[in-house]
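Here is a short tour for a reader who has not met this protein before. Keep the sequence and the 3D view side by side as you read.

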Amino acid sequence: MLFDTHAHYDDAQFDGDRDALLSSLPENGVGLVLNPGCDLESSRKAVSYAQAYPHVYAAVGFHPENLEGVEGTRDLAALETLARSSPRVRAIGEIGLDYYWVKDVEGRRAQAEIFRAQMRLAGRLGLPVIIHDREAHLDSLTIVEQYPKVRGVFHCYSGSVELAKRLLDLGYLLSFTGVLTYKNARKAVEVVRATPLDRLMIETDAPYMAPVPYRGKRNSSLYVYRMAEAIAEIKDLPLETVIAQTTENGKRLFGI
């Protein structure tokens, strides 16, 4: 049984076949999916999917690229209410820092403020976090170090082996997308090779970053097996071992 630990089924690309696709996953070997939110609307949708499909769970959060118009006190209170609304909510996420688009100091400071607030929320609720870290490795590390009681996963991990070791020491897991199957993914391969199997998870980040040979197509949980195959090849392990362990890792982190 595969566990796609990160897929955005609220995306408009799934509007035409969302129910059919989600309903078909168990019969196609995908026994669990976690759908994170990026703002209040997508977080509410994630919760609704988790309530409708027994194999789907939700996370709720404000993505660093979705902070326009967000008011800390009001919107974080609404997020907390949503997080408490259903036992199907198993994480706060996706949250974090994204410096790819935001270059100005004030914009990055605003991201960090909301990131810290959501880390505090996760601590209050006893939930893990799903971290988005794009071109903000050291600042992301600095912030998570400030909340030693919070655990979680750095999704679509893109940092170095050295950073990975520091995150593992903090108790975090690392998750990998279809990028792991790309020819230029040397750094990701090195990290997977250096990371114990019991600290790895797999994800699609659907509908984005489809793995080879589906690159360029809409991604979905149907393709999550490719990340398991890539890890099995990198670590020279049986595919069944990788599938079983990465699924167990996700279940352990998210309390499933």
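## A tyrosine in a strand

Which residues does Tyr57 touch, not counting residues up to four places away in sequence? The model to search is a predicted one. Tyr57 touches Leu32, Val33, Leu34 and Asn35. It also touches Ala50, Arg88, Arg90 and Ile256.

Tyr57 sits in strand β3, which covers residues 56-60. Is Tyr57 buried or exposed? Its relative accessibility is 10%, so Tyr57 counts as buried, the cut-off being under 20%. Now look along the chain to Ala110, 53 residues from Tyr57. The C-alpha atoms of Tyr57 and Ala110 are separated by 29 Å.

## The whole protein

Step back to the full chain. The protein has 9 helices and 8 strands. Its radius of gyration is 17 Å, and the globule rule gives 18 Å for 256 residues. The two values are close, so the protein is as compact as a globular protein of that length. Along the principal axes, the C-alpha atoms fill a box of roughly 50 × 40 × 30 Å.

Of the 256 residues, 58% are buried. Take the contacts between residues at least 6 apart in sequence: 70% of them join residues at least 24 apart. The accessible surface comes to about 11200 Å². Carbon and sulfur atoms account for 50% of that surface. The protein has 30 positive and 34 negative charges, and their mean positions are 4 Å apart.

## Helix α4 and its cover

Helix α4 runs over residues 105-125. How far apart are its end C-alpha atoms? They are 30 Å apart. The helix has 21 residues, and at 1.5 Å a residue it should span 30 Å, so expectation and model agree.

Many side chains of this helix can be checked for burial. Buried residues in α4 include Gln111, Ala112, Ile114, Phe115 and Ala117. Further along, Gln118, Met119, Leu121, Ala122 and Leu125 are buried too. What covers them includes two helices, α3 (72-83) and α5 (137-145). The cover also includes strands β4 (89-98) and β5 (129-134). Just after α4 comes Gly126, with a positive phi of about 70°.

## A buried phenylalanine

Phe154 belongs to strand β6, residues 152-154. At 2% relative accessibility, Phe154 is under the 20% cut-off and therefore counts as buried. What is in contact with Phe154, leaving aside its neighbours within four places in sequence? Its partners are Ile131, Asp133, Ser140, Val144, Leu167, Tyr172, Leu173, Leu174 and Ser175.

Val129 is 25 residues from Phe154 in sequence. In space, C-alpha to C-alpha, the two are 8.5 Å apart.

## Two arginines

Arg226 is in helix α8, residues 225-235. Its relative accessible area is 18%, so Arg226 is buried under the 20% cut-off. Beyond its neighbours within four places in sequence, Arg226 is in contact with Thr181, Pro211, Val212, Pro213 and Tyr214. Arg199 is 27 residues from Arg226 in sequence, and the C-alpha atoms of the pair are 18 Å apart.

Arg44 is in helix α2, residues 40-52. With a relative accessible area of 47%, Arg44 is partly exposed. Ala78 is 34 residues from Arg44 in sequence. Their C-alpha atoms are 11 Å apart.

## Backbone exceptions

Most residues other than glycine have a negative phi, and most peptide bonds are trans. Which residues does a cis peptide bond join in the loop before α8? One such bond joins Ala206 and Pro207, with omega about 10°. Pro207 lies in the loop between β8 (200-202) and α8. Another cis bond joins Val212 and Pro213, again with omega about 10°. Pro213 is in the loop between β8 and α8 as well. Both Val212 and Pro213 are among the contacts of Arg226.

Positive phi values turn up outside glycine too. Cys156 has a phi near 45°. Cys156 is in the loop between β6 and α6 (161-169). Asp236 has a phi near 55°. Its place is in the loop between α8 and α9 (239-254). Asp236 has a relative accessible area of 68%, over the 50% cut-off, so it is exposed.

Technical notes. Residues are numbered from 1 along each chain as its sequence is written. This is a predicted model: local features need pLDDT of at least 70, side-chain atom pairs count only at pLDDT 80 or more; totals for chains, interfaces and linings use all residues. Side-chain values use heavy atoms; hydrogens and water are left out. Helices (H or I, at least four residues) and strands (E, at least two) are DSSP runs, numbered from the N terminus. Buried means under 20% relative accessible area, exposed over 50%, partly exposed in between (1.4 Å probe, protein chains only). Contact means heavy atoms within 4.5 Å. The expected span of a helix is 1.5 Å times one less than its number of residues. The radius of gyration is taken over C-alpha atoms; the globule rule is 2.2 Å times the number of residues to the power 0.38. Accessible areas come from the Shrake-Rupley method with a 1.4 Å probe; for residues, only the protein chains shown count as cover. Lys and Arg count as positive and Asp and Glu as negative; His and the chain ends are not counted. The place of a charge is taken as NZ of Lys, CZ of Arg, CG of Asp or CD of Glu.
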